[in-house]
Amino acid sequence: MTGTTPKGLEIRPRRPEFGLPQPMPRHWHGGDAFKSHFFDAMSVLFPDGERFFIDSVRHFRERIDDPLLKEQIRGFIGQEGHHSREHIDYNNQLRALGYDIDHLERALRRRLAFVRKFLSPQLQLAATTAVEHLTAIMADALLRNPRWLEGADPTMARLWRWHALEETEHKAVAFDVYQQVCGSPWLRRRAMLQSTIFFTKDTFLGLVHMLRRDGLLWNWRVWRDGLRWLWGRDGILRPLVKAYLEFYRRDFHPWQHDNLHLVEQYRREFDATAGTAGA
Ligand SMILES: [Fe+2]
Ligand SMILES: [Fe+2]
């Protein structure tokens, strides 16, 4: 199976004005605590996570000669930088609602500091390609399947669509850099196993913390409906297992799954109405 990044794919940061609702509705996802906090818990991870992604790619930037890839790296850094900033605002809204975001961030920061200090730059980049795959397959599903955001506050839904669009656009940038500077499928498999464990654990802990603050942690209906929404027969995460496993193939490339039509479809929403920002 072959796959390459589409020639001429433009990766450009946009900075639409979201004006997040203030105060943010605690259960902005259709009044559903589980769904809202599933997204909120991921939002908590983004500012520090995306800074790490940027640094891991930037480390190898000078070793890339291909002008197209260099241009895409610039776009990738710009997009992730804007995501970080937008999610800092988002997370401040969560703080204002009384959630202990500092506590959640501290654990992630400690781990990232360890990774930066003790793991090789190649493994750090491999970890970035792994988490970029996790975000890319979720982004693809979110853009494809209305169930992901059905009933959500329109501004919050728009923010998540914008993030998903840009994750799709730049899904292969870290991977293409990795292929040029390292390429080992073993290292990237190892990175994926570790990243999956930590990403799942951190998201789960964030969700648990917020449900506990809401007094809903031991509400079995919340868990039953939430887990059904994620993993039930029509669960939103269920179809992702196959796409997830493809990363472990020796000849994997993110654009083997061609979803350029989604990029084109959602670009119309953001590029037609929003002010755009340069790199
Ligand atoms: Fe991002
Ligand atoms: Fe990304």
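Mentor: Before we start, axes here are lines fitted to C-alpha atoms, and angles run from 0 to 180 degrees between N-to-C directions. Also keep in mind that this is a predicted model.

Trainee: Got it. At roughly what angle do the axes of H1 and H2 cross?

Mentor: H1 covers residues 33–58 and H2 covers residues 67–96. Their axes come within 8 Å, and the crossing angle is roughly 150°.

Trainee: So are H1 and H2 roughly parallel or roughly antiparallel?

Mentor: Angles over 145 degrees count as roughly antiparallel. The axes cross at roughly 150°, which means H1 and H2 are roughly antiparallel.

Trainee: And is the crossing of H1 and H2 left-handed or right-handed?

Mentor: Here we look at how H1 passes H2. That crossing is left-handed.

Trainee: How do the residues of the H1 contact with H2 divide into nonpolar, polar and charged?

Mentor: H1 brings residues including Phe39, Phe46 and Ile54, while H2 brings Ile73, Phe76 and Leu94 among them. Charged residues take part too, including Asp40 and Arg51 of H1 and Glu80 of H2. The split is 13 nonpolar, six polar and five charged.

Trainee: Let's turn to cavities. Which elements give two or more residues to the lining of the largest cavity?

Mentor: The structure holds one cavity of 30 Å³ or more, and about 140 Å³ of space lies in the largest cavity. Its lining includes Phe39, Met42, Trp148 and Glu167, and divides into nine nonpolar, two polar and one charged. The elements you're after are H1, helix H4 (121–144) and helix H5 (154–169).

Technical notes
Residues numbered from 1 in each chain as written. Chains lettered and ligands numbered in written order. Predicted model: local features only at pLDDT ≥ 70, side-chain atom pairs only at ≥ 80, totals over all residues. Heavy atoms only, no water. Helix = DSSP H or I, 4+ residues; strand = E, 2+ residues; numbered from the N terminus. Parallel < 35°, antiparallel > 145°, perpendicular 65-115°, else oblique. Left-handed = near helix turned anticlockwise from the far one by under 90°. Contact = heavy atoms within 4.5 Å. 1 Å grid on protein atoms, 1.4 Å probe; cavity = no way out; pocket = protein on both sides within 12 Å on 5 of 7 lines; lining within 4 Å. Points joined across faces, edges and corners; volume = space filled by probe spheres on them.
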